[in-house]
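Me: I should like to learn how to read the features of a protein model. Could we work through one together?

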Amino acid sequence: MPVAAKISDSVGKSSWIRKMFEEGLRLKAQFGEENVFDFSLGNPDLSPPVEFTDTLKALIEKNERGAHGYMPNAGFDGVREAIAARVSKEQGVDLQGKHVITSCGAAGALNVIFKTILNPGDEVIVPRPYFVEYGTYIDNHRGLIVLADTNPDFSLNIGNIRAALNERTRAVLINSPNNPTGRVYSEDDIKALGALVKEHMESTGRIIYLVSDEPYREIVYDGIRVSSILKHCTQAIVVTSYSKTLSVAGERIGYIAVHPECVEADVLLSGLILSTRILGFVNAPALMQRAVARLTGVSVNVNIYKKRRDLLMEGLKFAGYDFVKPEGAFYIFCKSPIPDDVAFVAHLQKFNVLTVPGSGFGGAGYFRIAYCVSENVIQRAVPKFKEALEALRS
Ligand SMILES: Cc1ncc(COP(=O)(O)O)c(C=O)c1O
């Protein structure tokens with residue numbers, strides 16, 4: 001076999017998102033792009049804010065000496081300081097530049113963290129439904145994913161997380177606003193989770209972490225705020241990227257921020273910096289680091305996503321679907337009208353509507369609709385969603 005058995009096996013089981021992407025290409029070639037309603041990918045379709053392109057132009061023109069060379073593996077000092085100032089304001093806890101490590105997106109950051117903290121067989125508890133790549137990131141570093149069901153409204157079920165904790169637990173990984181549910185976890189739940197981590201550390205004497213993956217932090221609606229994880233847990237590590245807030249997913253830029261009071265924070269930070277290097281990232285992209293450091297507070301126009309969410313919710317309700325109102329990100333996790341979500345997604349495809357089965361996120365019985373598409377696509381897709389449901393009922 002030309003590749004390792006594990007990779008060969010994984011290639012064979014390629015993710016649902018990937019399968020739908022390929023199906024989309026096939027349908028678009030057959031029916032024409034405008035006649036396919038592709039809600040399968042969470043790939044932001046908005047252009048980056050004008051400030052982003054202006055900043056890039058200015059940085060290129062400046063052409064500073066050494067601007068594109070190697071740097072310390074954690075990133076440029078000035079960039080780390082600028083990000084630390086931003087995180088301190090956002091999370092209400094004072095960080096210095098040394099607590100921040102720039103990363104190749106949130107995906108790179110999570111791999112760096114798991115490489116650093118996991119011994120073989122260590123467990124990472126993840127509330128379900130969840131972003132499916134977490135399983136592979138944890139497995140990459142010989143850890144085990146342990147799923148803890150959320151409540152029916154997708155809020156955290158602290159009791160289930162408590163029940164999953166044991167002496168092999170190394171981390172709890174949360175994601176709010178959530179992909180695929182759009183749920184934003186409440187401040188009370190974050191507080192309870194922080195208390196649980198503290199209690200577990202005290203009772204077992206083992207160091208564990210609360211890892212908070214927050215790439216959608218700024219994409220929230222109706223005045224909802226994402227509560228601070230650092231304020232409620234000294235063992236917290238925040239992960240984020242600019243992929244969604246600046247619509248620059250292809251540029252691979254994000255960061256890790258560690259709570260200054262984390263147990264032996266300096267040792268953890270040295271480990272994270274080493275992992276950045278030895279995983280082959282070496283450092284986050286230089287130009288992007290300097291760009292995002294200058295763009296504190298800049299983001300895409302979230303109102304555009306809100307309008308789409310409202311339009312889609314209204315359309316789905318009209319068509320007869322059942323779902324929990326998403327509070328953030330750009331996904332609706334809709335109840336499948338039949339128990340078999342894979343069969344329902346295949347049924348929707350017959351109407352040229354592409355979504356992803358909830359099973360792909362550990363959420364059987366649901367399907368995910370990503371609304372990174374224009375209002376026009378949403379408007380034209382609503383009758384298709386309705387027809388699909390009616391066809392099923394008749
Ligand atoms: C919840 C979640 N975490 C991490 C990532 C990876 O983000 P990035 O592409 O910025 O590395 C994504 C991407 O969709 C995501 O939805």
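Me: Which residues of the largest nonpolar core touch the most other members?

Reply: Please keep in mind that this is a predicted model. To read a core, one looks for buried nonpolar residues joined to one another. In this case the largest nonpolar core has 113 residues, and I113 and I256 touch the most other members. Helix α5 (residues 105–117) supplies the largest share of the core, eight residues.

Me: Where does this core lie with respect to the domains?

Reply: The core lies between domain 1 (5–48 + 301–393) and domain 2 (66–293), because both give residues to it.

Me: What does I113 touch, leaving out residues up to four places away in sequence?

Reply: I113 touches V211, I237, V239, I256 and L272.

Me: How does one read the contact between the domains?

Reply: One may take the division of the chain, then the separation of the parts, then the residues at the contact. The chain is divided into domain 1 (5–48 + 301–393) and domain 2 (66–293), and their C-alpha centres lie 27 Å apart. The contact takes 26 residues from domain 1 and 26 residues from domain 2. On the side of domain 1 that touches domain 2, the elements giving two or more residues are α11 (302–319) and β9. The largest share of that side, four residues, comes from α11. By class, the residues on this side of domain 1 are 13 nonpolar, nine polar and four charged.

Me: How should I read a sheet, and in what order do the three strands of the open sheet run here?

Reply: The strands of a sheet pair through backbone hydrogen bonds, in either the parallel or the antiparallel sense. Here the order is β9-β12-β11, and the pairing is antiparallel. The edge strands β9 and β11 each pair on one side only. Strand β9 (residues 331–335) is joined to β12 by five bridges, and F333 has R368 in β12 as its bridge partner. Strand β11 (residues 356–357) pairs with β12 over two bridges, and here F367 of β12 is the bridge partner of P357.

Me: Is strand β12 mostly covered or exposed?

Reply: Strand β12 (residues 366–370) is mostly covered, with five of its five residues buried. Y366, R368 and A370 point one way from the strand, while F367 and I369 point the other way, and all are buried.

Me: Which residues come nearest to the ligand?

Reply: A ligand site can be read through the shell of residues around the ligand. In this model there are 13 residues around the ligand, of which G105, A107, N179, S241 and S243 come nearest. The largest share of the shell, three residues, comes from α5, the helix that also gives the largest share of the core discussed above. By class, the shell has five nonpolar, seven polar and one charged residues.

Me: Finally, how does one judge a single loop residue, and where does N157 lie?

Reply: One may consider its place in the chain, its neighbour count and its contacts in turn. N157 lies in the loop between β4 (144–149) and α7 (158–164). A residue is partly exposed when its count of C-beta neighbours falls between 12 and 20; N157 has 17 inside 10 Å, and therefore counts as partly exposed. Leaving aside neighbours within four places in sequence, N157 is in contact with A148, D149, T150 and N151. By contrast, Y137 is 20 residues from N157 along the chain, and their C-alpha atoms are separated by 23 Å.

Conventions: Residues are numbered from 1 along each chain as its sequence is written. This is a predicted model: local features need pLDDT of at least 70, side-chain atom pairs count only at pLDDT 80 or more; totals for chains, interfaces and linings use all residues. Two residues are in contact if their C-beta atoms, placed from the backbone, lie within 7 Å. Two strands pair if DSSP finds at least two bridges between them. Domain bounds come from an automatic or database domain assignment. Ala, Val, Leu, Ile, Met, Phe, Trp, Tyr, Cys and Pro count as nonpolar, Asp, Glu, Lys and Arg as charged, and the others, Gly among them, as polar. A nonpolar core is a set of buried Ala, Val, Leu, Ile, Met, Phe, Trp, Tyr and Cys residues joined through C-beta atoms within 7 Å. A residue is near a molecule or strand if its C-beta atom, placed from the backbone, lies within 6 Å of it.
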